[in-house]
Amino acid sequence: MNLHKLIFTENACYKAGRKITVKGIMVHSTGANNPWLKRYVGPNDGLLGQNQYNNHWNTYYPGGREVCVHGFIGKLADGTIATYQTLPWDHRGWHAGGSANNTHIGFEICEDGLTDSTYFEKVYREAVELCADLCKEYGLTEKDIICHSEGYRKGIASNHGDVMHWFPKHGKSMDTFRAAVKELLNTEPKEETISTPIAPLAEREKVIWDYLFGKLGNAYGVAGIMGNLNAESGLRPNNLQNSYEKKLGHTDESYNAAVDDGTYSSFVKDSAGYGLAQWTYWSRKQALLEFAKSQGQSIGDLSMQLDFLWKEMSENYSGLLKTLQTATSVEEASTAVLTKYERPADMGEAVQKKRAAFGESYLKKYAKVEPPAKLTTGYYRVRKTWADKKSQVGAYRILANAKATADKHPGTFVFSDDGVAIYPAEDTAEEAYRIHTVVKGDTLWEIAKAYLGDGSRYPEIKTLNGLKSNVIYTGWKLKIPN
Ligand SMILES: [Zn+2]
């Protein structure tokens, strides 16, 4: 169906402003040889074409009559068939000349000379599709659809013959019409592509860290990449550049789904940044799209995007890759990624510092920097706290000896030479959150109620886990604040 909307706001019927509870649909045809929508629908929206007499129905009393319908089906200026909605569907229309106005949506099919079967087939099909959609919207069935002449026989409409002076000329009737609507209503809707739900932030961080560390083997390099990806996308693989969401009329989720099911075809050249690295330039987006297709993956799939990022870096950025493998600080790696790979408009010092700081936080969180088994300078010190020098029970070059001493003295820790407690490991119970594994039927509200005693505290869980929507999926491990 080719549905457009041009509400007859000038018509007295619209201005009367009455609503109905929709209980049926009445099919009309215009009774005049004029298949052009512009005869009835105006003013010209650029598709309808110009009505030279300006006698369309978007006027107080069209032709001096109290008349108004909910829609018209006919030809646009270029000859294509379209439906125009001309009243809100639940507005009380003036189409039946009887009590059906209180219960029925009424639309007109523009008649031609009644002999052109090609035109008839097209508008008939358009009307069937319109009725099927309206049935779905208002909980009706095909049995609730009648034409004007049927309404007259039921005593709820004036004495008109439409549409039965026309349909039988092409082998159709209101019974065939209703059967066609029924068939559409019984057809299962095309299966919707469900975009891959993205995992919570903590899970994404871990996946990205492990992936990149497996490739690079250098924690500074990994942290440098991740700081940049966080600045670009918040580590959201389905992130559509925010400034384009409104422009393209898409959310992250709907964009992802529309690219996946092929209904959005401008992915490559729409100039919108997308994905973990906010790929923007058309040739890179094209390569990303082709890669996703070749892998049979959603465009928003995290693992696919990581593979693609690695493919780009290893094939096209060999200098950068070497830097990332050998970097000895996060800042070195981060700035290399910024200036050689991401190249945003602003690569100034403030941006460099911000991205490096993101990277440092990942390094701190995920890099397992193993203390050396034997120090050549300084000592492993065993104390209660670093500040409490008097509590020291020993100082060792060899880590194993320091650990053994700490084991013999409960309450003491092994400190590195610069004062970081490295043994025993912190008690996990002291972490700032608990973990809840989502099961079927869970909602954020219920989880907040169970753990925090108050369902309305669910935004705390969203924040801690970096969730953008309230949708959660079975199997997710959510951090719960203490
Ligand atoms: Zn009629």
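In strand 4 (81-85), alanine 82 is the bridge partner of glycine 74. Helices (H or I, at least four residues) and strands (E, at least two) are DSSP runs, numbered from the N terminus. The structure is a predicted model, in which local features need pLDDT of at least 70 and side-chain atom pairs count only at pLDDT 80 or more, while totals for chains, interfaces and linings use all residues. Residues are numbered from 1 along each chain as its sequence is written.

Strand 3 and strand 4 are joined by five bridges in the antiparallel sense; two strands pair if DSSP finds at least two bridges between them. Strands of a sheet pair through backbone hydrogen bonds, either parallel or antiparallel. An open sheet of six strands has the order 1-4-3-5-2-6, with mixed pairing. Strand 1 (3-5) and strand 6 each have a single partner strand, so one side of each is left without a neighbour in the sheet. On average, neighbouring strands of this sheet are turned by 25° against each other, direction ignored. For such angles, axes are lines fitted to C-alpha atoms, for helices over the stretch in contact, and angles run from 0 to 180 degrees between N-to-C directions.

The largest nonpolar core has 50 residues, and among those with the most contacts inside it are Ile25, Val27 and Phe72. A nonpolar core is a set of buried Ala, Val, Leu, Ile, Met, Phe, Trp, Tyr and Cys residues joined through C-beta atoms within 7 Å. A residue is buried if 20 or more other C-beta atoms lie within 10 Å of its own, exposed if 12 or fewer, and partly exposed in between, with C-beta atoms placed from the backbone. The elements that each supply at least two residues of this core include strand 3 (71-75), strand 5 (104-109) and helix 2 (117-138). Helix 2 gives the most, with eleven residues. Leaving aside neighbours within four places in sequence, phenylalanine 72 is in contact (C-beta atoms, placed from the backbone, within 7 Å) with residues including Leu37, Tyr84 and Phe107. A second, separate core of 44 residues includes Val222 and Tyr362.

Phenylalanine 308 is found in helix 10 (residues 302-316). Why is phenylalanine 308 called buried? It has 24 other C-beta atoms within 10 Å. Leaving aside its neighbours within four places in sequence, phenylalanine 308 is in contact with Leu288 and Phe291.

Another open sheet consists of four strands in the order 8-7-9-10, with antiparallel pairing. Its edge strands are strand 8 and strand 10 (421-423), each pairing on one side only. Neighbouring strands here are turned by 35° against each other on average, direction ignored. The table lists pairs of residues from this sheet.

| Residue | Opposite residue or bridge partner |
|---|---|
| Valine 382 | glycine 394 in strand 8 |
| Arginine 381 | phenylalanine 415 in strand 9 |
| Valine 414 | tyrosine 423 in strand 10 |

In a regular strand the side chains alternate between the two faces of the sheet. From strand 7 (residues 380-383), Tyr380 and Val382 point one way and Arg381 and Arg383 the other way, and all are buried. Helix 14 (residues 399-408) lies across strand 7, strand 8, strand 9 and strand 10, running at about 5° to strand 7.

The domain assignment, which is automatic or taken from a database, gives domain 1 (3-187), domain 2 (201-366), domain 3 (380-425) and domain 4 (433-481). The centres of domain 3 and domain 4, taken over C-alpha atoms, are separated by 39 Å.

Technical notes: Two residues are in contact if their C-beta atoms, placed from the backbone, lie within 7 Å.
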